[in-house]
Amino acid sequence: MTKLALLLRSRSRLPRLACPFGRARPAEQWAICYRARRRLTTRQTDTTMSNIEDTDTPKDRKFVEALSRGLDVLRAFTHGSVVMGNQDIARITGLPKPTVSRMTYTLTKLGYLSYSPQLEKYQLDSGVLALGYAYVSNLRVRQLAKPYMDEFSRRTNTSVGLTCRDRLSMIYIENCRPAEVSTLRMDAGVRLPLATTAAGRAFLAATPDKEREHLMGALETKYGDDWANMKQSLDGSFAEFRQHGFCLSLGDWDRNVMAAGVPLHLADGSIMALTCGAPSFQLSEETLRGSLAHQLEMLARDIESLGV
């Protein structure tokens with residue numbers, strides 16, 4: 001048998017496996033094909049948290065995916081405990097653990113995360129606080145609204161909050177309450193659900209139709225089988241807003257809390273929400289609906305008249 005025949009015979013004995021990227025290839029080339037397919041699968045499953053909550057992610061070539069993933073890692077700390085490991089972050093974000101490891105390493109180097117060798121976990125560091133403080137301290141509406149909110153809080157003996165939307169949550173950027181009130185301590189940065197709180201419902205009610213439909217679709221995905229009851233409750237809040245100018249949460253977020261919310265329209269076209277509330281043993285539905293909610297709506301109009 002010639003050398004050429006022996007060579008062809010030996011090559012024909014190599015197992016041949018199907019590859020999704022072309023015709024069948026010898027086994028020694030399969031690893032290349034497998035790695036390419038794995039990269040494709042990873043890209044398709046890297047956005048679990050974004051698909052559920054990030055309703056604002058643009059789909060264009062200017063969008064930096066790596067930056068988005070890094071911010072998703074930071075956002076993960078608003079969903080879990082104060083300290084988390086790479087595996088916890090990967091579970092919350094849907095990102096592959098190797099990607100999370102690179103992100104946490106980089107964010108630690110930049111001062112946005114700190115690492116505990118004893119716990120082998122990460123927590124937010126001062127770099128995040130610096131960014132948050134820069135935003136809140138320079139927010140003109142917060143500076144101008146605070147004296148009005150303080151007066152309203154003292155006069156009504158309720159906790160009064162100024163909130164803005166972040167994905168499917170409302171975040172407190174200011175909270176005022178009487179000195180003698182120890183309940184409902186909502187410090188700046190506290191997150192509230194969009195669908196069940198008075199502030200979130202007021203924001204949704206005042207949002208333009210197209211944006212509201214987009215948010216409602218994201219809420220439907222989030223709540224799944226509970227969405228039918230949730231939507232019925234929201235539709236009732238929207239009807240109340242059209243009739244009276246405010247929304248209520250009568251134990252929907254917390255069964256022991258009664259609250260009202262109204263939108264706050266800023267001069268730049270953006271929308272925030274004012275909310276006031278108190279424990280149910282202190283504030284009745286009749287007082288909230290018949291008096292305080294209307295006063296809160298007037299408070300919003302007074303703040304808007306400042307040109308914020």
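This report walks through the cores, the empty spaces and a few single residues of one protein chain.

## The model at a glance

This is a predicted model, in which local features need pLDDT of at least 70 and side-chain atom pairs count only at pLDDT 80 or more, while totals for chains, interfaces and linings use all residues. Residues are numbered from 1 along each chain as its sequence is written, and side-chain values use heavy atoms, with hydrogens and water left out.

The protein chain has twelve helices and ten strands; these are DSSP runs numbered from the N terminus, with helices being H or I runs of at least four residues and strands E runs of at least two. Of its 308 residues, 42% count as buried. Here buried means under 20% relative accessible area, exposed means over 50%, and partly exposed is in between (1.4 Å probe, protein chains only). As for contacts (heavy atoms within 4.5 Å), residues 24 or more positions apart make up 53% of those with a separation of 6 or more.

## Two nonpolar cores

A nonpolar core is a set of buried Ala, Val, Leu, Ile, Met, Phe, Trp, Tyr and Cys residues joined through side-chain atoms within 4.5 Å. The largest one has 30 residues, and those with the most contacts inside it are Val141, Leu162, Leu264, Met272, Leu274, Leu296 and Ile303. At least two residues each come from helix H8 (140-156), strand S5 (159-166), strand S6 (169-176), strand S9 (257-265), strand S10 (271-279) and helix H12 (285-304). H12 puts in the largest share, seven residues.

Take Leu296: leaving aside neighbours within four places in sequence, Leu296 is in contact with Phe152, Ala260, Gly261, Val262, Leu274, Thr275 and Cys276. There's also a second, separate core of 23 residues, with Ala195, Ala202, Tyr223 and Ile271 among them.

## The largest pocket

Pockets and cavities are both found on a 1 Å grid over the protein atoms alone: a cavity is a set of points where a 1.4 Å probe fits but cannot get out, a pocket is an open set with protein on both sides within 12 Å along at least five of seven lines, and lining residues have an atom within 4 Å of a point. Grid points are joined across faces, edges and corners, and a volume is the space filled by probe spheres set on the points.

The largest pocket holds about 1000 Å³ of space. It is lined by 24 residues, of which Val128, Leu131, Gly132, Ile171 and Gly189 are the closest to its centre. Helix H4 (65-75), helix H7 (126-137), S5 and S6 each give two or more residues to this lining, and H7 gives the most, with seven. By class, the lining splits into 16 nonpolar, three polar and five charged residues. For these classes, Ala, Val, Leu, Ile, Met, Phe, Trp, Tyr, Cys and Pro count as nonpolar, Asp, Glu, Lys and Arg as charged, and the others, Gly among them, as polar.

## The cavity

The count comes to one cavity of 30 Å³ or more, and about 150 Å³ of space lies in the largest cavity. Its lining has 15 residues, with Tyr172, Trp253, Val257, Ala259 and Thr275 the closest to its centre. Helix H9 (198-206), S9 and S10 are the elements that give two or more residues; S10 gives the most, with three. The lining has ten nonpolar, five polar and no charged residues.

## Four residues to look at

Ser249 sits in strand S8 (residues 247-250) and is buried, at a relative accessible area of 4%. A polar atom of the Ser249 side chain lies 2.8 Å from the backbone oxygen of Thr196. Not counting residues up to four places away in sequence, Ser249 touches Thr196, Thr197, Ala198, Arg201, Val257, Met258 and Ala259. Glu240, in helix H11 (residues 227-244), is buried at 13% relative accessibility. With the sequence neighbours up to four places away set aside, Glu240 touches Gly245, Phe246, Leu248 and Arg289.

Helix H8 holds both Leu144 and Ser153. Leu144 is partly exposed at 28% relative accessibility, whereas Ser153 is buried at 1%. Beyond neighbours within four places in sequence, Leu144 is in contact with Leu306 and Val308; the C-alpha atoms of Leu144 and Leu306 are 7.9 Å apart, with their positions 162 residues apart along the chain. On the same basis, Ser153 is in contact with Thr158, Val160, Cys176, Arg177 and Pro178.

Methods
Polar contact = N/O pair within 3.5 Å; in protein donor to acceptor, adjacent residues only side chain to side chain.
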